Amino acid sequence: MSSTQLLLDTILPEHSSSQEWNRKALEFLDSFLNSENTTSLLETTVATPEDSSVGLAETIAELSNDSRILDGKIVSTLSTETNLSLLVNSCNVFNDSVAKFSSLLESTRKQVELIEEHSTISTVNLKKLSIPQTQNIAPLLYNFSDMVLLLEIPALTKLLIAKSQFADCIQLSSISKNLQIRYHKLPLVNSIQENTSLQISDMVKKLSGLLLSNIKQSSMIKILSHLKKVIPDNDHLKSIFLHLRFAFIMDELDTLTPLLNSRLYEKYLKRVLEVFREFCFQTLITFHSFFDSDRQLMHSFISSLATKLCGIITENIKHISDPSTRDSLLLQLIYCSSSLSRLGGDFTQTLLCMLPPAVDKQTLFTIIHKQKTLTNRL
């Protein structure tokens, strides 16, 4: 069975058993599904407060929804014209998914006056498609409102991304993929999937950008949940998450440069330790909450950050002459390592290797012992 025959059976399961009617209906579907201008079906827009334009597919869908008055006008036009261009795609097989667009259908019915004003646009475009002369072609047209709605999937996906409704975007992407699986031989269906995939790629970029900002742990978990539905490779998603959070922490450390330029070395190092401790702990606890344990990846993440931290301390602690202030900063550093060790983020060995000779090694051992003593007392 051809894809066109399958589409016809889906649109109108109880169509006429006449072979002549079936032949003419197939000719009708073939004429627009194989048209050279099928890509124009996807040139559609969704009206927003900033963009009041009305897409071609939206106009056709709105005309079809006026079930008695406007459908009668369309059928009348189809019976007299020889070259009509009715742009449709897809099928009604996903009734459950399409039902989610009921709110959109309700809003289009309220815009009948606008549709009537632009009805000449639809009439002009309807004249480009050749339709067989048959009085029973009308039932086929009555199902176009559900079909044409699927043309708006890429545009709706783009609009939902702009509104940060990512769960709905992923659902639309799933509908598009299912359409392509069932009707993979129809160019228009493939075009819908291609355009929807491009919008989903933009969504991934937007979500990744959010992970580069100062957001709460609950927001990170939600973002990762969305990304997991688009990026099935769990190891790849782990790497993306840690890479983005590493870049964010580096950016946060760079924002402290004015303190360094003002030679406020003590305040600068204290803020560096605060940023490091806060965002490292947040990243590690989020990682453990969402992913399975991955010691190698976690070690690489902590080791890279600890190396950067040691470089900052080595370069600037020499400017602090007061021994008690130096010891206090080092105690905070050791405490930070100890607190992260509960999540697999202990970097004490990195400190012992990189801080000397800027910091005396024996001094480090003394402070480590002091930190353990204070911890045992709690």
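Biologist: In this predicted model, which residue has a side-chain oxygen that reaches to the backbone nitrogen of Asp235 at the start of helix 15?
Modeller: The place to look is the start of helix 15, which covers residues 234–254. There the backbone nitrogen of Asp235 has a side-chain oxygen within 3.1 Å, and that oxygen belongs to Asp233.

Biologist: How far does helix 15 reach from its first C-alpha to its last?
Modeller: Helix 15 has 21 residues, and at 1.5 Å a residue a span of 30 Å is expected. The span in the model is close to that expectation, at 31 Å.

Biologist: Which helices are included in what covers the buried residues of helix 15?
Modeller: The buried residues of helix 15 include Leu237, Phe241, Leu244, Phe248 and Leu253, and Lys238 and Arg245 are also among them. What covers the buried residues includes helix 13, helix 14, helix 16, helix 17 and helix 18.

Biologist: Is helix 17 roughly parallel or roughly antiparallel to helix 18?
Modeller: The axes of helix 17 and helix 18 lie 11 Å apart, and the two helices pack at an angle of about 175 degrees. Because angles over 145 degrees count as roughly antiparallel, helix 17 is placed against helix 18 as roughly antiparallel.

Biologist: How many residues of the contact of helix 17 with helix 18 are nonpolar?
Modeller: Helix 17 brings residues including Leu269, Val272, Phe276 and Phe287 to the contact, and helix 18 brings residues including Phe301, Leu305, Leu309 and Ile313. The contact has no charged residues and three polar ones, while the nonpolar residues number 18.

Conventions: Residues are numbered from 1 along each chain as its sequence is written. This is a predicted model: local features need pLDDT of at least 70, side-chain atom pairs count only at pLDDT 80 or more; totals for chains, interfaces and linings use all residues. Side-chain values use heavy atoms; hydrogens and water are left out. Helices (H or I, at least four residues) and strands (E, at least two) are DSSP runs, numbered from the N terminus. The expected span of a helix is 1.5 Å times one less than its number of residues. Buried means under 20% relative accessible area, exposed over 50%, partly exposed in between (1.4 Å probe, protein chains only). Contact means heavy atoms within 4.5 Å. A polar contact is a pair of N or O atoms within 3.5 Å; within protein, one must be able to donate a hydrogen and the other to accept it, and residues adjacent in sequence count only if both atoms are side-chain atoms. Axes are lines fitted to C-alpha atoms, for helices over the stretch in contact, and angles run from 0 to 180 degrees between N-to-C directions. Angles under 35 degrees count as roughly parallel, over 145 as roughly antiparallel, 65 to 115 as roughly perpendicular and the rest as oblique. Ala, Val, Leu, Ile, Met, Phe, Trp, Tyr, Cys and Pro count as nonpolar, Asp, Glu, Lys and Arg as charged, and the others, Gly among them, as polar.
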